[in-house]
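User: Could you take me through one part of this model in detail, please? I would like a close look at the second largest pocket and what lines it.

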Amino acid sequence: MQLSIRLPIYDPSKAPEDELNATWEMWDIVRSVCDYNPRLTLTLDLTPPLPTTLGVLSKWTAEPVQHIFLPASTFIANTKGYPVLPKGTQSFVRQSMAHRPIIIMSDVRSGTHSKGGESAYSQYIRHLEKSSPVVQAALKAGTVENFAQGYQDYLQAPLQPLMDNLQSITYQTFERDPVKYRNYEEAIYNALVEWPASDRIVICVAGAGRGPLVARSLLAIQRSRRPAFVYAVEKNPNAFVTLQNRQEMEWGSGVQLIYGDMRSIEIPEQADILVSELLGSFGDNELSPECLDGAMRFLKADGISIPCSYTAHLAPLQSSKLFNETRMNKDPSKSAETPYVVMFQNVDILSADGGGLGGRCGPQTQECWEFEHPRKDGVVDDRGLPITNSHNTRSAKLTFHIPHAGVLHGLAGYFEAVLYKGVGLSIHPQHKDRVSKDMLSWFPLFFPFKDPLYLPSNSELQVSIWRLTNERQVWYEWYAESFLPVFSAPLPGGEDHKTPTSSHDPFFASTTTHVAVPSPLIDAVDSSFSPVSGGEEGRKEDEGVREKACAGAVKIGQTLLHNPGGRSSWIGL
Ligand SMILES: C[S@@+](CC[C@H](N)C(=O)[O-])C[C@H]1O[C@@H](n2cnc3c(N)ncnc32)[C@H](O)[C@@H]1O
């Protein structure tokens, strides 16, 4: 049996613009009481006019919306009298088409509109489906949406290219990405043309796979007209056979192959340019830092590494689908402590740029840490290898502003890499189209949480994450805490009230403050979209008043520490 609950996006009878969360809160209670049963779905009733607050609409994308209910009364008449939807509803329905909902229409025979009759409503909905940007992107060859079909919200264990030997089919999938290799070629070309004139430039491709970066290095050499020689290092015996074949058939004497692990082999001469692609969805999660520590022995003191740096980024997310997928695994406690590669679809990012107590929250997606190559602070033994791996540990504490109530189910992980100077790779949601549009090789990483954490409107979320290591493994540990800002009521006579509590101490609200906590059910208003905000001026004024009145924050919840000691997931060195 399947049960679908019909709910309006908000309740117009008691909901002014700032209580738009009420029906979502109701849904959250019902599904939590039912323990997120996957047979319980939502029918979203679009009878009331849609609110203009974007965050209120986007949160429904993270819910199991199976049906959309559209009565004839929601339609307006166009200039010719045919039924069409108001602009906001149009774009919401177009966006929702990504989830393939069943559209239920009612009262279409009632003659509400003078033209078109009953069939005009369904024809119009079909037109919205066809013109939906998500549906169009899925049909267009070369887009990520097209490439990822069938993989949306599917949990994949990340690759371990160091510990395991990748299969030929996996290399074949990598090689379908034109953007990644184009950017590598550009970076190598730029490095070559800027290289001081010398007799011979030595390039080393570390982790050559079946050879796409060797081929791109040769193209860059040809274009730059610089005399250069390529060494290709690979430890996977199956991929090495393909390299041998290609050398014989395509590359000839301009390339020398070296079989073995870059952390232990020697190469005949040091390189000027070290090219590698050992990156995972979170940058360092396929152990690029550890492998390149070994390969740095091959690089001359003034040599360059492509990539020269990469960063890991996080954003908090809500997704009942991913929460359930994690729990359905055969060992749910392990599975909830394992990062997965996921092409996100039924997901809502809960954070917004800035905001929070005294404006101390960072952007919607925040940087955790960076790795640079060659490393500036290297202490190495007499073979040129690091003595321990402790320099590759990292930690971050990030504070996010949560404007609209939601439930934290996990963290979205992304990476960015600088290949050389202005050329890079990025899956960061706000930068990827500028840096490497339509790059297919990496989907984001999903760090799950075992239990959902409710976050009220206008709350703050603090995420702590570590990259840790021992002699054999690298792993991540993560947890989150939630806080609610409290506000001091103005003292009689309009005097500014100073609280003894530091606004940077999130744990304590002042006991002496007249605390007036706004209802967590009252939603933040996106001033740029809401007619009630009074525009930019009004927003600045509101923020000023808020900052003055803000007394501190009370802690309202926290998750468990996930994956302590790498007990459930780790990457083998
Ligand atoms: C992500 S794949 C990229 C392969 C290729 N460059 C491409 O773009 O298709 C990384 C490659 O590095 C190899 N690799 C990983 N760690 C290595 C190590 N320590 N020594 C040598 N090769 C390594 C893997 O076997 C794999 O072929």
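Analyst: Happy to help, and a definition comes first: helices (H or I, at least four residues) and strands (E, at least two) are DSSP runs, numbered from the N terminus. This is a predicted model, in which local features need pLDDT of at least 70 and side-chain atom pairs count only at pLDDT 80 or more, while totals for chains, interfaces and linings use all residues. Residues are numbered from 1 along each chain as its sequence is written, and side-chain values use heavy atoms, with hydrogens and water left out.

Now to the pocket. On a 1 Å grid over the protein atoms alone, a pocket is an open set of points with protein on both sides within 12 Å along at least five of seven lines, a cavity is a set of points where a 1.4 Å probe fits but cannot get out, and lining residues have an atom within 4 Å of a point. Grid points are joined across faces, edges and corners, and a volume is the space filled by probe spheres set on the points.

The second largest pocket holds about 1,000 Å³ of space. Its lining counts 45 residues, and those nearest the centre are Leu159, Leu166, Thr170, Phe174 and Glu286. At least two lining residues come from each of helix H7 (168-174), helix H8 (178-194), helix H9 (212-224) and strand S8 (228-234). H7 gives the largest share, 5 residues. By class, the lining has 25 nonpolar, 10 polar and 10 charged residues; here Ala, Val, Leu, Ile, Met, Phe, Trp, Tyr, Cys and Pro count as nonpolar, Asp, Glu, Lys and Arg as charged, and the others, Gly among them, as polar. Because domain 2 (168-277) and domain 3 (310-572) both contribute to this lining, the pocket lies between them. Those domain bounds come from an automatic or database domain assignment.

Two of the lining elements, H9 and S8, are joined by a loop that holds Arg225. The phi of Arg225 is near 55°, a positive value in a residue other than glycine. For context, most residues other than glycine have a negative phi, and most peptide bonds are trans.

That brings us to the prolines. The peptide bond from Ile306 to Pro307 is cis, with omega near 10°, and Pro307 sits in the loop between strand S11 (299-306) and strand S12 (309-318). Another cis bond runs from His373 to Pro374, with omega near -5°; Pro374 belongs to the loop between strand S15 (366-372) and strand S16 (394-402).

For an enclosed space to set beside the pocket, a search of the whole structure finds 1 cavity of 30 Å³ or more. The largest cavity has a volume of about 80 Å³, and its lining includes Leu44, Trp60, Phe92 and His99. Sorted by class, that lining has 6 nonpolar, 3 polar and 1 charged residues.
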